[in-house]
Amino acid sequence: SMLLRRETAKAARDFRGADALRDSLKRSGVLIDEGSRTWRADDGRSGMLPPRQAAPATGHARGQHGVARFDEARTLCAPLGEGSYGTNTLSRIFAPFNVESVTSTRDGYAALLFPDAAAAAAAALSHYTPTGQRITLVGA
């Protein structure tokens, strides 16, 4: 999405590119509030901005949420702390999709690693916690 590309550009310190994406989003009717890290569209949709990609601490290529780039296609991320679920609950919910591991990341997300991209795509459907809270999944 353009929001994710904008956050990636900002993390790479490509502020000119990030500003161009912001302007394009604005022309499309999407407003960004950096203070609350949210976006809102003219049609009423809204949401949280994707987390910013941290620069890798080592020479290993890492993507958003610290996931190794070769694992991006088979990894989904879910925000933690938005309710009463954590990595153990996510492990149980995604067990039917053969989730290999669920680990928390430094930015408040859980990285869910699946056997392959097809399993990750199948798991990307809407899921709910035992208390009825919708789990929002984003790509790595």
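A contact here means heavy atoms within 4.5 Å. The model is predicted, so to speak of ground rules: local features need pLDDT of at least 70, side-chain atom pairs count only at pLDDT 80 or more, and totals for chains, interfaces and linings use all residues. Residues are numbered from 1 along each chain as its sequence is written, and side-chain values use heavy atoms, with hydrogens and water left out.

**Exercise 1.** Work out what share of the contacts in the chain with a separation of 6 or more comes from residues 24 or more positions apart.

*Solution.* Start with the layout: the chain has four helices (DSSP H or I, at least four residues) and nine strands (E, at least two). Their order is α-α-β-β-β-β-α-β-β-α-β-β-β. Now the share: residues 24 or more positions apart make up 48% of those contacts.

**Exercise 2.** Find where Arg-74 sits and what its side chain reaches.

*Solution.* First, place Arg-74 in the loop between β3 (46–48) and β4 (75–79). Next, look at its side chain, which makes a polar contact (N or O atoms within 3.5 Å, one able to donate a hydrogen and the other to accept it; residues adjacent in sequence count only if both atoms are side-chain atoms) with the side chain of Glu-100 at 3.1 Å. The Arg-74 side chain also gets to the backbone oxygen of Pro-115, at 3.5 Å. Last, leaving out residues up to four places away in sequence, Arg-74 touches several others, among them Leu-112, Phe-114 and Ala-120.
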